[in-house]
Amino acid sequence: MPLILLPLTASLGYALASLGLKRCLHYGIGAWRTTFVVNVMAGVLFLPMLSFGGHWPGWEKIHQPLLAGLGFFIGQIFTFRAIARGDVSIVTPVLGLKSMLIAVICAVVLREQIPPGWWLASALSVIAVALLADRTPTRIKAVQATVLLAFTSAVAFSITDVLVQRWTPLWGAGYFVPIMFATVALLSFLLVPLFIHPLRQIPRDGWKWLLGGSFMLCAQSLLMVCAIGIYGHATAVNIVYSCRGVWTIALVWIVGHWFGNDERHVGKVILTRRLIGAALLVVAIALL
């Protein structure tokens, strides 16, 4: 049951975080400062996990959490660039492609036996996110750029999840996860020269959205890393996690105006397509 509940809860947390962080961009904070604050907060919040303990495999294995952190860092950069460029109702569904990407990586690289039902579930989730994505003709160029950025992020996160699944058992979550996210935080200081304005110039209202969204994103990241690191099955976890596309669209329609989001003003055709996509995701999850 935790294998389902952890990523399901994380998917809702991601939807709320993406809306909050999209809102903070309205204050001119920008993708680079947003990425920096989120990553540094993650590095700090994950440090207490050291108390969980683990196994020290030796310095010759230190590259493992460092590489996982690098992959996560790259994924974060492309995610926030995509959110800054386009709508969260495009970005989040495209990120759902992780489930298929991870299934392919696990089967080809790790030589894992993926149950047939998981392949079907992954295929359905890909079709679902395609239906959920916004393809308004008048915004096709912006949509294409957003999709490309989000897809690149999905690739980076897919590789990261596979590394977490492969290497966390060697270390234990108490060692691997804090080192991984400390790496993410340290790498984020490379973004400081890219800031258009310093952090001190962020308005007070902007800080509220930035810190709230960052905390929510860190919390859902913890749930996902624990789900994969402890229980494995990165493919199954990410199929459930694909629900974030459904949560995001539902929140945009129901409470999007609370976040200053105007994406809910779409036609019946798009709404119907998204509902079909949501139904396919439910079927994909049931196949698990």
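## A buried start in helix 8

Phe-176 is buried, because its relative accessible area is 0% (buried means under 20% relative accessible area, exposed over 50% and partly exposed in between, with a 1.4 Å probe and protein chains only). This residue sits in helix 8, which covers residues 173-187. Its C-alpha atom is 9.9 Å from that of Gly-69, although 107 residues separate the two in sequence.

A word on what you are looking at: this is a predicted model, in which local features need pLDDT of at least 70 and side-chain atom pairs count only at pLDDT 80 or more, while totals for chains, interfaces and linings use all residues. Residues are numbered from 1 along each chain as its sequence is written, and side-chain values use heavy atoms, with hydrogens and water left out.

## The overall plan

The protein chain has twelve helices and zero strands. Here helices (H or I, at least four residues) and strands (E, at least two) are DSSP runs, numbered from the N terminus. Following the sequence, you meet the pattern α-α-α-α-α-α-α-α-α-α-α-α. Of the 288 residues in the chain, 52% are buried.

## How helix 3 meets its partners

Two packed helices are described by the angle between their axes and the distance between the axes. Axes are lines fitted to C-alpha atoms, for helices over the stretch in contact, and angles run from 0 to 180 degrees between N-to-C directions.

Helix 3 (residues 63-85) and helix 2 (residues 30-45) have axes that come within 9 Å and cross at roughly 140°. The two are therefore oblique to each other (under 35 degrees counts as roughly parallel, over 145 as roughly antiparallel, 65 to 115 as roughly perpendicular and the rest as oblique). Their crossing is right-handed, meaning that the near helix is turned clockwise from the far one by less than a right angle; anticlockwise would be left-handed. With helix 8, the axis of helix 3 comes within 8 Å and crosses at roughly 50°. So helix 3 is oblique to helix 8 as well, and this crossing is also right-handed.

## A salt bridge in helix 9

Side chains of opposite charge can pair when their charged atoms come close. The structure holds one salt bridge (a side-chain nitrogen of Lys or Arg within 4 Å of a carboxyl oxygen of Asp or Glu). Asp-205 and Lys-208 form it, with their closest N and O atoms 3.7 Å apart. Both residues lie in helix 9 (residues 204-231), three residues apart, about one turn of the helix. Asp-205 is partly exposed because its relative accessibility is 38%, and Lys-208 is exposed at 57%.

Gly-206 is in helix 9 too, and this residue is buried, with a relative accessible area of 0%. The C-alpha atoms of Gly-206 and His-26 are 8.2 Å apart, with their positions 180 residues apart along the chain.

## On the surface, and a link across the chain

Which residues form a nonpolar patch on the surface? They are Val-104, Val-108, Val-109 and Trp-119, together offering about 340 Å² of accessible area. Patches are made of residues with over 30% relative accessible area and no salt bridge, where like charges are joined within 9 Å and nonpolar side chains (Val, Leu, Ile, Met, Phe, Trp, Tyr) within 5 Å. Accessible areas come from the Shrake-Rupley method with a 1.4 Å probe, and for residues only the protein chains shown count as cover. Val-104, in helix 5 (residues 98-108), is partly exposed at 36% relative accessibility.

Leu-280 belongs to helix 12 (residues 268-286) and is partly exposed at 22% relative accessibility. Its C-alpha atom lies 6.7 Å from that of Ser-125, 155 residues away along the chain.
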